Structure formats: structure tokens, C-alpha cells
Amino acid sequence: MRELTGSWLTGPASSGDGPEQAYRGERLGLPEYGEGSIASLGVRMGALLVDWLLAYAIVGATVAVAGPGAFGAESFAGVASWAVLFLWGVIGVICVWLFAQTPGQALLGLGVARIDAHERVGLWRSVVRVLFIVFLLPPLIQDEDGRGMHDRATGTALIRTR
């Protein structure tokens, strides 16, 4: 299985030595279209935007009720500068760990699945995925299967659930 998933450090798996894939995810045994297929970058970014806006709304509502001083800041911007990212990360870890999808992914029909075993993603893989996504560059660097560096590092793929 190591040959299929490779290391996230190796970059794109295509070296020109093997047969070309007809579609993204074929090498992983995933279907070309529909449920279980690799999610496109545009839909992934849409799910990320929904999750980010959800975290922003929760922080905004909390600051509106408790005030920015409750968080040691003088304004909403002072709280939002760290709280939105923190809350987004907490939501991402907990939801992927427990439900295999964030609220944004659920809304857009996506989910996180392990490609190396028929098991749940698990807590540690969820934590590693979120930490990699925080750096924003790893999700944009994709291999020939459409998996970002964070997915390769954790042996996961973001797939369509419907």
C-alpha cells in the first residue's frame, strides 16, 4: 500500500514510468464520477469557505454577547485575528474525527475517507490534516489523484458523498 499512497514529500506521483490514469483517483481504486470519487478543488475551496464563515459567525456572535474584553481584546478585530482560526481548527478536528466531514463538506456533499484502510479517519489524522491546511499552501499542491499534501501525509482523500 505504501507504493500507492507514497510519501507526501515525494510530490506528484507521476514519473512517466507507469500507465497513465484515465481520471483522478483511478490508481486509488476510486470511481470517476459520483459518490466516492475525488472532490474537485473548487468544491473543496467552497467547503473551506463555508466552514470559515461559520467560525467567523460564531466568533462574531460570541463577541456581540460577551464583548471583546472577555477575550482580552479591545475590538472585534482583535478577537477575530486569532479566534476565527482557532475555532475553525477545533470544528475541523472534531467534525472530521467524529463525522468524517466538516459542516461545509457536509453541505457540499463531501467527506474525508482513509484510502489505506476501511477505518474511520481518527483523531490524530484529523489534527494533522487541520495543521497542514492552516498553512494553506499544502491543500493547493495536489498530486495526480487530486489529493493535497495534507491528504497524502495522512493517507486520506476528500471524496464526494453524493
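Let's start with A157, which is found in strand β2, residues 156–160. This is a predicted model, and in it A157 is buried, with a relative accessible area of 0%. Which residues does A157 touch once its neighbours within four places in sequence are left aside? They are I38, G111, V112, A113, I115, R147 and D151. Another residue to look at here is G146: it sits 11 residues from A157 along the chain, and the two C-alpha atoms are separated by 8.5 Å.

Two of those partners, V112 and D151, lead us on to R129. Leaving aside neighbours within four places in sequence, R129 is in contact with V112, H150, D151, T154 and T156. V112 and D151 are thus in contact with R129 and also with A157. R129 has its place in helix α5. Is this arginine buried or exposed? With a relative accessible area of 4%, R129 counts as buried, because the cut-off for that class is under 20%.

With those two sites in mind, let's step back to the whole protein. It contains 7 helices and 2 strands. Read from the N terminus, the elements follow the order α-α-α-α-β-α-α-α-β. Of its 162 residues, 39% count as buried. If you take the contacts between residues at least 6 apart in sequence, 67% of them join residues at least 24 apart.

Now follow helix α2, which covers residues 41–66. This helix has 26 residues and reaches 37 Å from its first C-alpha to its last, close to the 38 Å expected at 1.5 Å a residue. Which residues of α2 are buried? They are R44, A47, D51, A55, V59 and V63. It helps to recall a general point when reading that list: an α-helix has 3.6 residues a turn, so residues three or four places apart point the same way. Just after α2 comes G67, whose phi is positive, near 85°.

V43 is also found in helix α2. V43 is partly exposed, with a relative accessible area of 25%. Not counting residues up to four places away in sequence, V43 touches L108, L110 and R160. As for G109, its C-alpha atom is separated from that of V43 by 9.0 Å, although the two residues are 66 apart along the chain.

From here we can turn to how the helices pack. In general, two packed helices are described by the angle between their axes and the distance between the axes. For α2 and helix α3 (residues 76–99), the axes come within 8 Å and cross at roughly 130°. That makes α2 oblique to α3. The crossing of these two helices is right-handed. On the α2 side, the residues that meet α3 are L48, D51, W52, L54, A55, Y56, I58, V59, G60 and V63. Their counterparts in α3 are F76, V79, A80, A83, V84, L85, L87, W88 and I91. Sorted by class, this contact has 17 nonpolar, 1 polar and 1 charged residues. Notice that D51, A55, V59 and V63 meet α3 and are also among the buried residues of α2.

Helix α3 has a second partner in helix α5, residues 123–134. Here the axes come within 8 Å and cross at roughly 145°, and α3 passes α5 in a right-handed crossing. The contact brings L85, W88, G89, G92, V93, V96 and W97 of α3 together with L123, S126, V127, V130, I133 and V134 of α5. By class, these residues divide into 10 nonpolar, 3 polar and no charged. L85 and W88 belong to this contact and to the one with α2 as well.

W97, in helix α3, deserves a second look. At 36% relative accessibility, W97 counts as partly exposed. Its contacts, leaving aside neighbours within four places in sequence, are R120, G122, L123 and S126. W97 and L123 are 26 residues apart in sequence and 5.1 Å apart in space, C-alpha to C-alpha.

Our last stop is A100, in the loop between α3 and α4 (103–107). Most residues other than glycine have a negative phi. A100 is not a glycine, yet it has a positive phi of about 65°. A100 is partly exposed, with a relative accessible area of 21%.

Key: Residues numbered from 1 in each chain as written. Predicted model: local features only at pLDDT ≥ 70, side-chain atom pairs only at ≥ 80, totals over all residues. Heavy atoms only, no water. Helix = DSSP H or I, 4+ residues; strand = E, 2+ residues; numbered from the N terminus. Expected span 1.5 Å × (residues − 1). Buried < 20%, exposed > 50% of the residue type's maximum accessible area, 1.4 Å probe, protein only. Axes fitted to C-alpha atoms, helices over the stretch in contact; angles between N-to-C directions. Parallel < 35°, antiparallel > 145°, perpendicular 65-115°, else oblique. Left-handed = near helix turned anticlockwise from the far one by under 90°. Contact = heavy atoms within 4.5 Å. Nonpolar A, V, L, I, M, F, W, Y, C, P; charged D, E, K, R; others polar.
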